[in-house]
Amino acid sequence: MLEVIDHPVIQTELSGLRDRDCPSREFRARVRRVASLMVPAVTAGLETRPIACETPLEVTSGVELARPVVLAPILRAGIGFLDGFLDLLPDASIAHIGLARNEETLQPEPYYFKTPPDLGDAEVIVLDPMLATGGSVSEAIRQLRDSGATRLRFACLVAAPEGVKAIESEHPDLPIFTAALDRCLNAKGYILPGLGDAGDRIFGT
Ligand code: URA
């Protein structure tokens, strides 16, 4: 279940992110803005429940999200994608998932996993700016499911068709949201045209 969020403001920001000369300071700010702009699409359809609202004039009916939201960035680049989501979902809790990509095998190697309790009751949104081979995302989803999560979504900035295919075959019910579906992966597992190493560009490494 793939949704490409094709919005003119998001696409303008993304074009700035692709520019090889975009400095880290600007890159971080743009990632944050795109993340925020993606939130309405990524959270569409979350269940709400009715609440009473007391305005200065009378009592009316309102709503609140029915379940807590957990944002689950995959370290390290997911951290750079987190703030824009938190800006619009300030009550969310954070699950940290440490997966390093082995640059030779391209396989994810787990090194950290810490989540809030009661994942079973939460809406979990997994964050990683780049969906390349799909290995890290698949592993993150597996770990979260093993820890009780049942309501999961995944959001990225740029996806490769290879990664989408891998996720769709391993987790066919996972909604995937991306700002762009790019052409393919190169031999080193980088997305083309892509935007390079998102973690390096966010953190200036
Ligand atoms: N991770 C990145 O940061 N960039 C890519 O192109 C692929 C994986």
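Ala, Val, Leu, Ile, Met, Phe, Trp, Tyr, Cys and Pro count as nonpolar here, Asp, Glu, Lys and Arg as charged, and the others, Gly among them, as polar. By those classes, the shell around the ligand has six nonpolar, three polar and one charged residues. The model is predicted: local features need pLDDT of at least 70, side-chain atom pairs count only at pLDDT 80 or more, and totals for chains, interfaces and linings use all residues. Residues are numbered from 1 along each chain as its sequence is written.

**Ligand shell**
- A residue is near the ligand if its C-beta atom, placed from the backbone, lies within 6 Å of it.
- The residues around the ligand include Ala77, Met130 and Ala132.
- Gly189, Tyr190, Ile191 and Gly194 are also among them.
- Asp197, Ala198 and Gly199 belong to the shell as well.

**Overall fold**
- The protein chain has six helices and 13 strands (DSSP runs numbered from the N terminus: helices are H or I, at least four residues; strands are E, at least two).
- A compact globule of 205 residues would have a radius of gyration near 17 Å, and the protein chain agrees, with 17 Å.
- That radius is taken over C-alpha atoms, and the globule rule is 2.2 Å times the number of residues to the power 0.38.
- The C-alpha trace spans about 60 × 35 × 30 Å along its principal axes.
- Buried residues make up 36% of the 205 residues.
- A residue is buried if 20 or more other C-beta atoms lie within 10 Å of its own, exposed if 12 or fewer, and partly exposed in between, with C-beta atoms placed from the backbone.
- Of the contacts between residues at least 6 apart in sequence, 63% join residues at least 24 apart.
- Contact means that two C-beta atoms, placed from the backbone, lie within 7 Å.

**Helix 2**
- Helix 2 covers residues 24–42.
- Its 19 residues, at 1.5 Å a residue, should span 27 Å; the end C-alpha atoms are 25 Å apart, which agrees.
- The expected span is 1.5 Å times one less than the number of residues.
- Buried residues in helix 2 include Phe27, Arg30, Arg32 and Met38.
- The buried residues of helix 2 pack against helix 1 (8–18), helix 3 (77–88) and helix 6 (198–203), among others.
- Their partners also include strand 8 (123–127), strand 10 (151–159) and strand 11 (176–181).

**Cys22**
- Cys22 sits in the loop between helix 1 and helix 2.
- Cys22 is partly exposed because 18 other C-beta atoms lie within 10 Å.
- Leaving aside neighbours within four places in sequence, Cys22 is in contact with Gly16, Leu17 and Phe27.
- Cys22 and Arg201 are 179 residues apart in sequence, yet 8.7 Å apart in space, C-alpha to C-alpha.

**Strand 8**
- Five of the five residues in strand 8 are buried.
- Glu123, Ile125 and Leu127 point one way, and Val124 and Val126 the other way.
- In a regular strand the side chains alternate between the two faces of the sheet.
- Strand 8 pairs with strand 4 (residues 69–75) in the parallel sense over five bridges; pairing requires at least two DSSP bridges between two strands.
- Val69 stands opposite Glu123.
- Strand 8 also runs parallel to strand 10, joined by five bridges.
- Ile125 stands opposite Arg153 in strand 10.

**Strands 2 and 3**
- Strand 2 (residues 48–54) is hardly covered, with zero buried residues among its seven.
- Strand 2 pairs with strand 3 (residues 59–65) in the antiparallel sense over seven bridges.
- Thr48 has Leu65 as its bridge partner in strand 3.
- A hairpin of four residues joins strand 2 to strand 3.
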